[in-house]
Amino acid sequence: MSIVTEPLFQRLLAWSPFSEHELVVLIATAPSRYKAYYIEKRGGRGQREISQPTKEIKFLQRLLASKELRELPIHDVAVGYRSGRSILDHAQPHASARYLLKLDFTNFFPSLKSKALDHRLSRDTAYSTAERWILRNLLCRRTPGTGNYQLSIGAPSSPHISNYLLCEFDQLMSDYCGIRVVRYTRYADDLAFSTSIPSVLNDIETEVRRLIQELDYLGLSLNEAKTINVSTKHRRTLVGLTLSNDGRASIGRIAKRELRQAIHSLRHGLLSQSEIANLRGRLAFTYAIDPEFIEHLLHRYGFESISTIDGPQTD
């Protein structure tokens, strides 16, 4: 297959520092240019495989995500990995509802294979067969042993592509929920549904299962251990945020107390430089969720802003 005359190849050649020969070699070998390692999952639930592409492949993946593929359709309910969106956009819409259903896809990125990519691109774009082959090679990792081409955790393009691949699922699920007065948002593999109408969420879960079977090109399945259906009678959390009964999403009382304690320790010179850096990161994260709380906290302890927290303070 000759790819050098394809328009996509010529655009990549113009955008990148590689020669024609170098780009041909990189595209042909890209699915194998990954280094795999493992990290512990939260709560001791085993290990998660991270597949890191080489810097050359990362460069091309970022090019594709930022230039070539940025106009691919992504549904508005997908709030993860999008500029100007955060976990607050996933949690806040559900805070005022009485009932919450949380579902989770198993092995999200690795489950999305080249079959899904080719299926969607052939329907949504005018890419030739050769151009779709280029995209498959650059966006998917070929797993040793199975020979599957799939998205990988560690590739900078995987988040954007995953949102694109689930566009049809999100659209159908959003339509179904709209008729039943149910709110739906998705943050990567975390699906959230909420309503104030009793028993409706049982039908939602059934529809999700039916839909992932119907859209079998996605290859997705639910993580049964992470299905949670709760009401306002119980503590409701979503992507690490607490949904309070007054209709707000926040980091919760425990996390707020820990921040107060950390700043108190900082004031008394009890934090190391690494702990101070960690505190600044936690404050910045919380500021995106609850800016009023952080501003009050900083004012109380005599800091003008998060950037001024750079070392031990004295009374």
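Contact here means heavy atoms within 4.5 Å. The legends below use the word in that sense, and they describe a predicted model.

**Figure 1. Isoleucine 161 in helix α8 of the predicted model.** Isoleucine 161 is buried, its relative accessible area being 1%. Apart from residues up to four places away in sequence, isoleucine 161 touches Leu69, Leu117, Leu139 and Leu151. The C-alpha atom of isoleucine 161 is separated by 13 Å from that of valine 79, and the two residues are 82 positions apart along the chain.

**Figure 2. The whole protein.** The chain forms 13 helices and 11 strands. Its C-alpha trace spans about 70 × 50 × 35 Å along the principal axes. Of the 315 residues, 46% are buried. Among contacts with a separation of 6 or more, 68% join residues 24 or more positions apart. The protein exposes about 16100 Å², and carbon and sulfur atoms supply 49% of that area. There are 42 positive and 34 negative side chains, and the centres of the two sets lie 4 Å apart.

**Figure 3. The nonpolar cores.** The largest nonpolar core has 59 residues. Those with the most contacts inside it are Phe105, Leu165, Phe169, Met173, Phe193, Ile204 and Leu218. Helix α10, residues 200–214, gives this core its largest share, 6 residues. A second core of 29 residues is separate from it, and includes Leu238, Ala249, Phe293 and Ile306.

**Figure 4. Helix α6 and its cover.** Helix α6 runs over residues 114–124, and Ser114, Ala116, Leu117, Arg120 and Leu121 are buried in it. Seen down the axis of α6, these buried residues fall within an arc of 155°, so they line one face of the helix. In an α-helix there are 3.6 residues a turn, so residues three or four places apart point the same way. The cover over the buried residues of α6 includes α7 (129–139), β5 (149–150), α8 (158–165) and α9 (167–179).

**Figure 5. Arginine 136 in helix α7.** Arginine 136 is partly exposed, at 21% relative accessible area. The cut-off for buried is under 20%, so a value of 21% falls outside that class. Beyond its neighbours within four places in sequence, arginine 136 is in contact with Ser114, Leu117 and Tyr149. Ser114 and Leu117 are among the buried residues of α6. The C-alpha atoms of arginine 136 and isoleucine 27 are separated by 9.3 Å, with their positions 109 residues apart along the chain.

**Figure 6. Helix α13, its two sides and its end.** In α13, residues 291–300, the residues Phe293, Ile294, Leu297 and Leu298 are buried. They cover an arc of only 125° around the axis, which puts them on the same side of α13. Phe293 also belongs to the second nonpolar core. The face turned away from the buried side carries the exposed residues Glu292, His299 and Arg300. Helices α11 (253–267) and α12 (273–289) are included in what covers the buried residues of α13. Just after α13 comes glycine 302, with a positive phi of about 85°.

**Figure 7. Threonine 185 in strand β6 (residues 183–187).** Threonine 185 counts as buried, at 7% relative accessibility. Leaving out residues up to four places away in sequence, threonine 185 touches Val77, Asp89, His90, Pro93, His94, Asp190, Leu191 and Ala192. Aspartate 76 is 109 residues from threonine 185 along the chain, and the C-alpha atoms of the two are separated by 8.4 Å.

**Figure 8. Two residues with positive phi, tyrosine 81 and valine 181.** Most residues other than glycine have a negative phi. Tyrosine 81 is not a glycine, yet its phi is positive, about 60°. Tyrosine 81 sits in the loop between α3 (55–68) and α4 (87–91), and is partly exposed, with a relative accessible area of 42%. Valine 181, also not a glycine, has a positive phi of about 55°. The loop between α9 and β6 holds valine 181, which counts as exposed at 58% relative accessibility.

Conventions. Residues numbered from 1 in each chain as written. Predicted model: local features only at pLDDT ≥ 70, side-chain atom pairs only at ≥ 80, totals over all residues. Heavy atoms only, no water. Helix = DSSP H or I, 4+ residues; strand = E, 2+ residues; numbered from the N terminus. Buried < 20%, exposed > 50% of the residue type's maximum accessible area, 1.4 Å probe, protein only. Areas by Shrake-Rupley, 256 points an atom, 1.4 Å probe, with all protein chains shown as cover. Lys, Arg positive; Asp, Glu negative; His and termini not counted. Charge placed at Lys NZ, Arg CZ, Asp CG, Glu CD. Arc of directions from axis to C-beta. Core = buried A, V, L, I, M, F, W, Y, C linked by side-chain atoms within 4.5 Å.
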